[in-house]
Amino acid sequence: MPTNTATHEPAVSVRGLTKRYGDRTVVDGLDLDLPTGVVAGFVGPNGAGKTTTMAMLLGLVRPSAGAGTVLGEPIDRPAAYLPRVGAMVESPAFYPALSGVENLRLFATVGGHPTDRIPALLEIVGLADRGEDRYRTYSLGMKQRLGIAAALLGDPALLILDEPANGLDPQGVHEMRHLVGSLAHSGRTVLVSSHDLSELEQLCDWLVMIDAGRCRYQGPAEDFLSGTGVLHARPEHAWDAAALHDALAARGLHATVDGDRVRIDDGDLGGDELAAAVSRTAQDAGIVLVELTRRRASLEDRYLALVSATETASPTTATTTGNGGPS
């Protein structure tokens, strides 16, 4: 996971960002603070409002309500900041009969960007040896890479990528993750959306999690994942699992029997504290443990738990604070 540290004013800071289409609200009062210099994962299921939010930040969709800034400029004046923003939203569109170099040269000319960076960009995205080939001969992964090269033509301070690994095979996903991670250098901020949470977990150091157009969490990825997980305790004898469960419950620990093992949630204890408490409880009950393993909760586990909890909460408690923690 990246270890970039945000030290400047936010790259994006908006309040109450809303988009309605008739009586349907797609983005619902979204507060968003995106620090400079992070790789931020934009997490949410299909239809959560991720692409619409990105489109509003890019000036492609006019917000129904809300205010804020992108790269220090008002969000209602996208022309003031868009020259410093690069984006690949949905599938990149290029001319099939032109080569990769020719497509980039055309995009650079239309966007008013210099063309002398094209060879370096093709090198960055791993297409240096295929730049003269026609776009129609490119694989899906190569097309995605060329799309990122086009987004980098203006040497943007903010890079917005919508599902850059969509449709790629495992090798392509791995290469795309490495590429996106390498782009967050020299203060550049990267906002990348994906429904593949396992990939974002390995890529991002900042998370923005939305569901039904509302923010559920935003903040450091490590804060969201640290201290989460479960312990699995396996007694020497399978029939002792129920007894261990009862002993742990008597100590106020949340435990469930899972076959010949007992699953113990972290609760308010840290990982080492919890392991020690389980070990002492088993010893006091005369139960010998032959296995005590810790499994850290994945981003997917945490996200599903968070969404499940907020579905039953009131509107007030379902939103998050702007400082990175769920309220």
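Begin by selecting strand β1 (residues 12–21) and strand β4 (residues 65–70), which run antiparallel and are joined by five bridges. Strands here are DSSP runs of E with at least two residues, helices are runs of H or I with at least four, and both are numbered from the N terminus. Two strands count as paired if DSSP finds at least two bridges between them. The model is a predicted one, in which local features need pLDDT of at least 70 and side-chain atom pairs count only at pLDDT 80 or more, while totals for chains, interfaces and linings use all residues. Residues are numbered from 1 along each chain as its sequence is written, and side-chain values use heavy atoms, with hydrogens and water left out.

**Two hairpins**

Within the first pair, T18 has A65 in β4 as its bridge partner. Next, add strand β2 (residues 24–34), which pairs with β1 in the antiparallel sense over seven bridges. V14 is bridged to L32 in β2. β1 and β2 form a hairpin with two residues between them, and G22 in the turn has a positive phi of about 65°.

Now move to strand β12 (residues 255–258), which pairs with β13 in the antiparallel sense over four bridges. D258 has R261 in β13 as its bridge partner. This hairpin also has two residues between its strands, and G259 in the turn has a positive phi of about 70°. Colour β13 (residues 261–265) by side chain: V262 and I264 form the covered face, whereas R261, R263 and D265 form the uncovered one. In a regular strand the side chains alternate between the two faces of the sheet.

**The open sheet**

Select six strands in the order β6-β7-β8-β3-β9-β10; they form an open sheet with mixed pairing. Its edge strands are β6 (85–88) and β10 (214–220), each of which pairs on one side only. β6 is joined to strand β7 (residues 158–162) by four bridges, and the two run parallel. G86 has L159 in β7 as its bridge partner.

**Helices on the sheet**

Show helix α4, which packs on the sheet and touches β6 and β7; its direction makes about 160° with that of β6. Such angles run from 0 to 180 degrees between N-to-C directions, with axes fitted as lines to C-alpha atoms, for helices over the stretch in contact.

Then select α1, which lies across β3 (39–43), β7, β8 (189–194) and β9 (206–211) and runs at about 150° to β8. Is helix α1 enclosed or open? Seven of the eight residues of α1 (residues 50–57) are buried, so the helix is largely enclosed by the rest of the structure. Buried means under 20% relative accessible area, exposed over 50% and partly exposed in between, with a 1.4 Å probe and protein chains only. The buried residues are K50, T52, T53, M54, A55, M56 and L57. G59 follows α1 and has a positive phi, near 75°.

Add helix α2 (residues 100–111): α2 and α4 pack at an angle of about 30°, with axes 10 Å apart. G100, L104 and F107 in α2 meet L146, A149 and A150 in α4, contact being heavy atoms within 4.5 Å.

**The core**

Finally, display the largest nonpolar core, with 42 residues, in which L146, I148 and L161 touch the most other members. A nonpolar core is a set of buried Ala, Val, Leu, Ile, Met, Phe, Trp, Tyr and Cys residues joined through side-chain atoms within 4.5 Å. Helix α4 (residues 140–151) supplies the largest share, six residues. Beyond its neighbours within four places in sequence, I148 is in contact with M88, V125, L161, M176, L179, V180 and L183.
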